[in-house]
Amino acid sequence: ITQFNKVQTQVFDKLYNSNENVLVGAPTGSGKTVIGELAILRAFSKFPTEKVVYIAPLKALTKERLNDWTKRFPSILGKSVVELTGDYTPDMNALLHSDLLVTTPEKWDGISRHWEHREYVQKVSLLLIDEIHLLGQERGPVLEVIVCRMRAIAEKLKKPVRIVGLSTALANARDVADWLGVKRSGLFNFSHSERPIPLSVSVEGFSEKAYCPRMASMNKPAFAIIKQFSPDHPVLIFVSSRRQTRLTALDLIAFTNESSVTQKPFLKETEEEIQKIIAKVSDQHLQHTLHFGIGMHHAGLADKDRRIVEELFVKKKIQILVTTSTLAWGVNFPARLVIVKGTEFYDHKVKGYVDFPMTDLLQMIGRAGRPVSYTHLRAHETREDLVCRLLLEKK
């Protein structure tokens with residue numbers, strides 16, 4: 001970036017020129033990663049021998065930050081970045097000599113419980129919590145414990161631990177700020193109208209009662225919306241299950257074959273090059289859809305396959321990516337058009353379909369990050385009014 005946007009400009013002074021606790025609530029696409037990095041740079045500058053802990057609620061987020069920061073912080077600032085997750089636990093020497101720890105709530109909870117015997121926990125000067133609005137969901141209690149414990153550690157050791165929380169716009173921002181120990185001057189809560197890139201959102205209801213037929217009935221209208229609003233630009237389609245990624249992609253291929261003069265309008269790579277890339281893919285369904293410029297992304301794919309799809313979409317070699325909702329919290333894939341197929345998912349705990357949390361829907365919508373962006377939500381007809389009302393309240 002060459003200059004800060006409006007949100008980043010307003011929070012800069014408090015984050016970079018003070019050591020106060022800060023809570024920033026801003027819409028997706030507002031550049032909250034840069035905002036967090038300002039706090040990290042402040043900590044590196046003022047407390048060079050201390051450590052920074054970055055906590056994200058999902059592995060996808062920790063992987064994204066880890067990949068980004070390991071490319072920049074060691075080479076530019078000489079600061080080491082270490083992963084501390086369920087997938088990887090470094091040795092004690094690496095932890096002691098680390099400058100930035102990238103971790104998950106559960107892992108840091110387990111590590112910090114025995115802080116009296118762990119020097120690297122006592123040396124933390126900044127606790128940076130991403131997506132803190134997930135406090136109200138399953139992982140909320142773990143985050144509560146971490147914050148209370150880190151504040152207690154700071155009190156016992158008589159040394160400050162700065163806490164910075166990053167969130168989407170919050171309805172109860174003042175309550176969360178009080179809990180984090182944030183003064184009024186350190187609270188920034190921007191409405192969705194402050195989003196740097198304007199976004200148009202529309203909601204359409206579908207009357208089929210059964211879930212699978214309802215999802216199938218959304219595919220042809222989705223294809224028409226792609227042709228109308230984003231015929232040549234990146235498109236993200238969010239669905240609720242791995243099976244739906246495949247069924248949606250196959251339907252889009254069928255509609256393309258029926259209506260398009262160009263055989264593969266969504267493929268932006270030469271046939272020869274795409275064949276070489278497909279040869280590296282292990283999933284047969286993904287091999288087939290990539291032929292037509294449509295990718296699939298879900299937890300059932302091998303890591304290598306997911307990385308190939310991500311690279312193809314980011315480099316605009318394929319136009320459409322059909323994915324499950326977890327991608328909304330992971331890698332930054334801004335698109336011109338986002339389509340959310342359905343506002344429900346199957347919850348195995350209750351053995352039935354339940355509504356996506358509004359935070360998840362807003363996160364999916366926020367993936368529309370190109371200039372002049374559009375989002376279309378397809379909902380059950382009985383949910384249409386509720387979704388519209390909630391979205392209007394969030395703006």
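In helix 15 (residues 358-365), Met358, Thr359, Asp360, Leu361, Leu362, Gln363, Met364 and Ile365 are buried, where buried stands for under 20% relative accessible area, exposed for over 50% and partly exposed for anything in between (1.4 Å probe, protein chains only). That leaves the helix mostly covered, with 8 of its 8 residues buried. Helices here are DSSP runs of H or I with at least four residues, strands are E runs of at least two, and both are numbered from the N terminus.

A word on the model itself: it is predicted, so local features need pLDDT of at least 70, side-chain atom pairs count only at pLDDT 80 or more, and totals for chains, interfaces and linings use all residues. Residues are numbered from 1 along each chain as its sequence is written, and side-chain values use heavy atoms, with hydrogens and water left out.

Next come the helix pairs. Two packed helices are described by the angle between their axes and the distance between the axes. The axes are lines fitted to C-alpha atoms, for helices over the stretch in contact, and the angles run from 0 to 180 degrees between N-to-C directions. Helix 5 (residues 105-112) packs against helix 7 (residues 140-157) at about 40 degrees, the axes being 9 Å apart. That makes helix 5 oblique to helix 7; on this scale, under 35 degrees is roughly parallel, over 145 roughly antiparallel, 65 to 115 roughly perpendicular, and the rest oblique. The crossing of the two is left-handed, a label used if the near helix is turned anticlockwise from the far one by less than a right angle, with right-handed used if clockwise. On the helix 5 side, Pro105, Glu106, Trp108, Asp109 and Ser112 meet Val142, Leu143, Val145, Ile146, Arg149 and Met150 of helix 7, contact meaning heavy atoms within 4.5 Å. Sorted by class, this contact has 7 nonpolar, 1 polar and 3 charged residues. The nonpolar class takes in Ala, Val, Leu, Ile, Met, Phe, Trp, Tyr, Cys and Pro, the charged class Asp, Glu, Lys and Arg, and the polar class the others, Gly among them.

Helix 7 also packs with helix 8 (residues 173-180): their axes come within 10 Å and cross at roughly 40 degrees. That makes helix 7 oblique to helix 8. Leu143, Glu144, Val147, Cys148 and Arg151 from helix 7 meet Asp178, Trp179 and Leu180 from helix 8, a contact of 5 nonpolar, no polar and 3 charged residues. Leu143 thus turns up in the contact with helix 5 and in the one with helix 8.

Helix 2 (residues 32-46) and helix 3 (residues 59-77) pack at about 35 degrees with their axes 14 Å apart, and their crossing is right-handed. Here Thr33, Glu37, Ile40, Leu41 and Phe44 in helix 2 meet Arg65, Asp68, Trp69, Arg72, Phe73 and Leu77 in helix 3. The class count comes to 6 nonpolar, 1 polar and 4 charged residues. Phe44, Trp69 and Phe73 reappear with Tyr54 in one aromatic cluster.

On the aromatic side, the structure holds 10 pairs. Rings of Phe, Tyr and Trp (its six-membered ring) pair if their centres lie within 6.5 Å, and planes under 30 degrees apart are stacked, over 60 edge-to-face and the rest tilted. Phe12 and Tyr16 are stacked, because their ring centres are 5.5 Å apart and the planes sit at 25 degrees. Both lie in helix 1 (residues 6-16), 4 residues apart, or about one turn of the helix. Phe12 is partly exposed at 28% relative accessibility, and Tyr16 is partly exposed at 29%. Tyr346 and Tyr353, by contrast, make an edge-to-face pair, with centres 5.3 Å apart and planes at 75 degrees. Tyr346 is partly exposed at 37%, as is Tyr353 at 39%.

Val354 lies in strand 14 (residues 352-355) and is partly exposed at 25%. Its C-alpha atom is 5.2 Å from that of Glu344, 10 residues away along the chain. Neighbours within four places aside, Val354 is in contact with Thr343, Glu344, Phe345 and Asp347.

Thr289, in helix 13 (residues 284-290), is buried with a relative accessible area of 1%. Not counting residues up to four places away in sequence, Thr289 touches Ala249, Ile253, Ile294, Gly295 and Met296. Leu250 lies in helix 11 (residues 242-259) and is partly exposed at 33%.
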